[in-house]
Amino acid sequence: MKPSSEEEEEAVQGVGPWDECFEVAVQLALRAGQIIRKALGEEKHVSTKTSAADLVTETDHRVEDLIVSELRKRFPSHSRFIAEEATASGAKCVLTPSPTWIIDPIDGTCNFVHRFPTVAVSIGFAVHQELEFGVIHHCTEERLYTGRRGQGAFCNGQRLQVSRETGRPVVTAVSERPTHLCSDLAKALVLTEIGPKRDPDTLKVFLSNMERLLHAKAHGVRVIGSSTLALCYLASGAADAYYQFGLHCWDLAAATVIIREAGGIVIDTSGGPLDLMSCRVVAAGTREMAALIAQALQTINYGRDDDK
Ligand code: IPD
């Protein structure tokens, strides 16, 4: 996408067009992490949103208000914010070409409620509908994951690199020919999340998807309670693939840049290009692995973020 004349001018002066935005996002993610760490051990007021498993606390609101109000102060010309709790209260979730901040104040709220220490703050930034950078702070381990388009992905300054596990076609004993249908996921460690729906039909498909991967010989399937951090583990090469139905654009935006910059692939569960608003994703270290996962999955329909 063509930069505006203001962006071009900044680039000529040796400053990346979104450097200041990135630095502010990092500072805010660190500040938010301090608040979340402190609140983790305290009493919480918990409410539900779309289901009994979709939780929100006063800390989610407090952190979101802090991040959005600081961003408005620092960048008065930015008027587009997609933030989890504002969306839950009815704000529209639309990605336009204008600079847009995409914020999950606490990813892993259910973990947070239970004091399970896998929680993160996620801040993504898109311009012309293209993701420019992502900042994710694993609050309890004080790990800061960052990715900037064209500039690599890092965790606390260490460059990230995805795994190169591809899956492999099975050679059948009888024909000794690789069969497409029997491609297996041998050696793959796969991550997923349950999503908020708990009706019997959804759970049946969710469990059957997991079963299919295990039948395809995946080493394991893990559910850690935070989509963003699972995606950061993928970016770090600590797992080979991730898939989910029912996550939102604020779970995915920052992590997508981090995975791409770590050399990974982020696609739709149909096998086509990623649609940030479609509430579904497959991510992997290699295109082959992503395709194998996508082929194995049955769809769970969560609708679209921009339809709500
Ligand atoms: C949720 C968590 C959860 C996943 C959901 C997400 P939240 O985010 O990442 O693991 O299953 O789909 O929406 O509500 O804790 O920000």
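Strands E8 (residues 152-155) and E9 pair in the antiparallel sense, with two bridges between them. Within this pairing, phenylalanine 154 stands opposite arginine 159 of E9. Keep in mind as you look around that this is a predicted model.

Now let your view widen from that pair to the sheet. Seven strands form an open sheet in the order E3-E4-E5-E6-E7-E8-E9, and the pairing along it is mixed. At its edges are strand E3 (80-83) and strand E9 (158-159), each of which pairs on one side only.

Strand E4 is a good bridge to the ligand. This strand, residues 100-107, gives the most to the shell around the ligand, contributing three residues. The ligand itself sits in the largest pocket. In total, 17 residues surround the ligand, and the closest are Asp107, Gly108, Thr109, Glu193 and Gln244. By character, the shell residues divide into nine polar, five charged and three nonpolar.

If you are thinking about polar contacts, here are some distances to look up in your viewer. The backbone of threonine 109 has a polar atom 2.8 Å from an oxygen atom of the ligand. For aspartate 104, an N or O atom of the side chain is 3.0 Å from a ligand oxygen atom. Aspartate 251 also offers a polar side-chain atom, which lies 3.1 Å from an oxygen atom of the ligand. As for how much of the ligand is covered, the ligand on its own has 380 Å² of accessible area, and the protein covers 89% of this.

Methods:
Residues are numbered from 1 along each chain as its sequence is written. This is a predicted model: local features need pLDDT of at least 70, side-chain atom pairs count only at pLDDT 80 or more; totals for chains, interfaces and linings use all residues. Side-chain values use heavy atoms; hydrogens and water are left out. A residue is near a molecule or strand if one of its heavy atoms lies within 4 Å of it. A polar contact is a pair of N or O atoms within 3.5 Å; within protein, one must be able to donate a hydrogen and the other to accept it, and residues adjacent in sequence count only if both atoms are side-chain atoms. Accessible areas come from the Shrake-Rupley method with a 1.4 Å probe; for residues, only the protein chains shown count as cover. On a 1 Å grid over the protein atoms alone, a cavity is a set of points where a 1.4 Å probe fits but cannot get out, and a pocket is an open set with protein on both sides within 12 Å along at least five of seven lines; lining residues have an atom within 4 Å of a point. A molecule sits in a cavity or pocket if more than half of its atoms lie within 2 Å of its grid points. Helices (H or I, at least four residues) and strands (E, at least two) are DSSP runs, numbered from the N terminus. Ala, Val, Leu, Ile, Met, Phe, Trp, Tyr, Cys and Pro count as nonpolar, Asp, Glu, Lys and Arg as charged, and the others, Gly among them, as polar. Two strands pair if DSSP finds at least two bridges between them.
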